[in-house]
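Hi there,

Here is the structure I promised to pass on. Have a look at it first, and then read on for my notes.

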Amino acid sequence: MQRKLYSRGVIDIGYVGSAGDNLIQPVDINAPLPKDVVATNGVINTARPYVGFAGITFRQTTAKSRYHGLLVGFRHDAGRKGLISIAYTLSRTKTDATNDRDFVDLPQDRTNLAAEYALARTDRTHIFTANYVYELPFFRESKGLGKQVLGGWQVSGITQFWSGPPISRVVNGQTNGSRRGIRVNQIGDPFSGLPANTPGGVYYFNPAAFAPPADGALGNTGRAIFRLPGVNQWDLTLSKNWYPSKGTRLQFRADLINALNHTQFDPNSIQNVCTVATTATDCTASTGNFGKLTGTRNPREIQLGVKFFWN
C-alpha cells in the first residue's frame with residue numbers, strides 16, 4: 001500500500017512472506033548418541049548405526065524455512081533543501097538449517113530433526129535504515145567571499161539500527177568421548193550476574209548459566225537461544241561544491257564513518273565453547289574466554305577528499 005501523506009511525503013507499507021520446503025539439511029546419519037555410547041562402555045564404533053564407518057554427512061531434503069516481514073518506507077523530498085528516506089523492517093526467519101554445508105547446522109540428535117527448527121542465523125528482528133541529505137541554510141543568500149566560503153554546505157548520511165543475529169548454539173567442548181551431547185545445558189539466566197571483565201574480552205553472557213550435560217544425555221539448549229549485539233551506526237558526510245566555470249565543479253568532502261564512535265561488538269567474536277573438566281557442575285571454569293565478545297567493528301574513521309569534475 002502506498003499513500004501520499006502531503007505534497008512532499010509518501011509512505012509505503014507492505015508484507016512479504018515466503019516459505020521453502022524440502023530444503024537441504026546436513027545430517028551426520030552415523031553420529032553415535034550419548035546413551036548408546038554409554039551403553040557400549042564408550043566404544044564409539046559399536047554405538048554407530050553403520051558399524052565400521054566414521055561420520056557420514058548426508059545432505060538430505062528435510063529442512064524448511066519460513067519468513068514473515070512487515071516493510072515500511074517513508075520519503076520526504078524537499079527539493080534543493082534536501083530529502084530523507086526511511087526504511088523499517090519487522091521480520092522473522094525460521095529454519096532447520098541456515099547453511100547446507102556448515103557443520104554448525106549439524107543436528108545434535110539425528111533422530112529428532114524437529115528440535116533444530118529455530119531462528120535462522122540470518123534473522124534480524126528490527127532493521128531501521130535512514131538516508132538523508134540536507135543543505136545548511138546559513139549564508140545561502142550571501143554574496144562574494146562569504147557565500148564562497150560559508151554558504152552551500154551540505155550534510156548527508158546513513159543511519160542504521162539493526163538487531164543482532166541469533167547465537168548459532170552454545171557448544172559443549174568436552175563430550176567425554178561422545179558420552180555427552182555437543183550442546184550445553186542452560187541452568188540459569190545468561191544475562192544475570194555477569195562476571196567482572198578480565199583481559200581478553202567483555203562478558204556478554206554468564207558462563208555460570210550453562211553446564212555440560214551428564215554422561216548419556218544431550219544438552220537441553222537448542223539453536224538461537226538468544227541474540228548477539230546489533231548495529232548502531234551513523235555515517236555522515238559534510239561537503240561543499242564550487243563551480244569555477246561552466247561545466248566544472250570542485251568538491252570538498254569529509255566522510256565520517258561511525259561518526260559518533262560507538263563501540264560496536266562483532267557478533268562473530270562470541271566465544272561460545274564451554275571447555276571444563278568432566279566433573280564440573282557449570283562452565284565457570286571454562287578455559288579461554290567462554291561467554292566473552294573478543295572483537296569489535298571498526299571505530300570512527302574520517303576521510304577527507306577533494307574532487308574535480310568536468311564535462
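Leaving aside its neighbours within four places in sequence, which residues is Gln186 in contact with? In this predicted model, the residues that Gln186 touches beyond those neighbours are Ala209, Phe210, Asn220, Thr221 and Ile225.

A little more on that residue, since I began there. Gln186 belongs to strand 9, which covers residues 185-186. Its relative accessibility is 34%, and because buried means under 20% and exposed over 50%, Gln186 counts as partly exposed. The side chain of Gln186 also comes to 3.1 Å from the backbone oxygen of Gly188. I looked at one pair across the chain as well: Gln186 and Thr46 are separated by 140 residues in sequence, and their C-alpha atoms lie 30 Å apart in space.

The second residue I went through is Thr62. You will find Thr62 in strand 3, which runs over residues 57-77. Thr62 has a relative accessible area of 41%, so the same cut-offs, under 20% for buried and over 50% for exposed, make Thr62 partly exposed too. Once residues up to four places away in sequence are set aside, Thr62 is in contact with Leu23, Gln25, Asp96 and Leu113. For one of these partners, Leu113, I also have the C-alpha separation: 8.4 Å from Thr62, with the two positions 51 residues apart along the chain.

Now for the chain as a whole. The protein chain contains three helices and 16 strands. Its radius of gyration is 27 Å, whereas the globule rule gives 19 Å for 311 residues, so the chain is more spread out than a compact globule. Along the principal axes, the C-alpha trace spans about 90 × 45 × 35 Å.

How much of the chain is buried? Buried residues account for 35% of the 311 residues. The accessible surface of the chain is about 17,100 Å², and carbon and sulfur atoms hold 57% of that area.

On contacts, counting those with a separation of 6 or more, 72% are between residues 24 or more positions apart. As for charge, the chain carries 34 positive and 21 negative charges, and the mean positions of the two sets are 9 Å apart.

That is everything I have for now. Happy browsing, and do write back with any thoughts!

Best wishes

Terms used:
Residues are numbered from 1 along each chain as its sequence is written. This is a predicted model: local features need pLDDT of at least 70, side-chain atom pairs count only at pLDDT 80 or more; totals for chains, interfaces and linings use all residues. Side-chain values use heavy atoms; hydrogens and water are left out. Helices (H or I, at least four residues) and strands (E, at least two) are DSSP runs, numbered from the N terminus. Buried means under 20% relative accessible area, exposed over 50%, partly exposed in between (1.4 Å probe, protein chains only). Contact means heavy atoms within 4.5 Å. A polar contact is a pair of N or O atoms within 3.5 Å; within protein, one must be able to donate a hydrogen and the other to accept it, and residues adjacent in sequence count only if both atoms are side-chain atoms. The radius of gyration is taken over C-alpha atoms; the globule rule is 2.2 Å times the number of residues to the power 0.38. Accessible areas come from the Shrake-Rupley method with a 1.4 Å probe; for residues, only the protein chains shown count as cover. Lys and Arg count as positive and Asp and Glu as negative; His and the chain ends are not counted. The place of a charge is taken as NZ of Lys, CZ of Arg, CG of Asp or CD of Glu.
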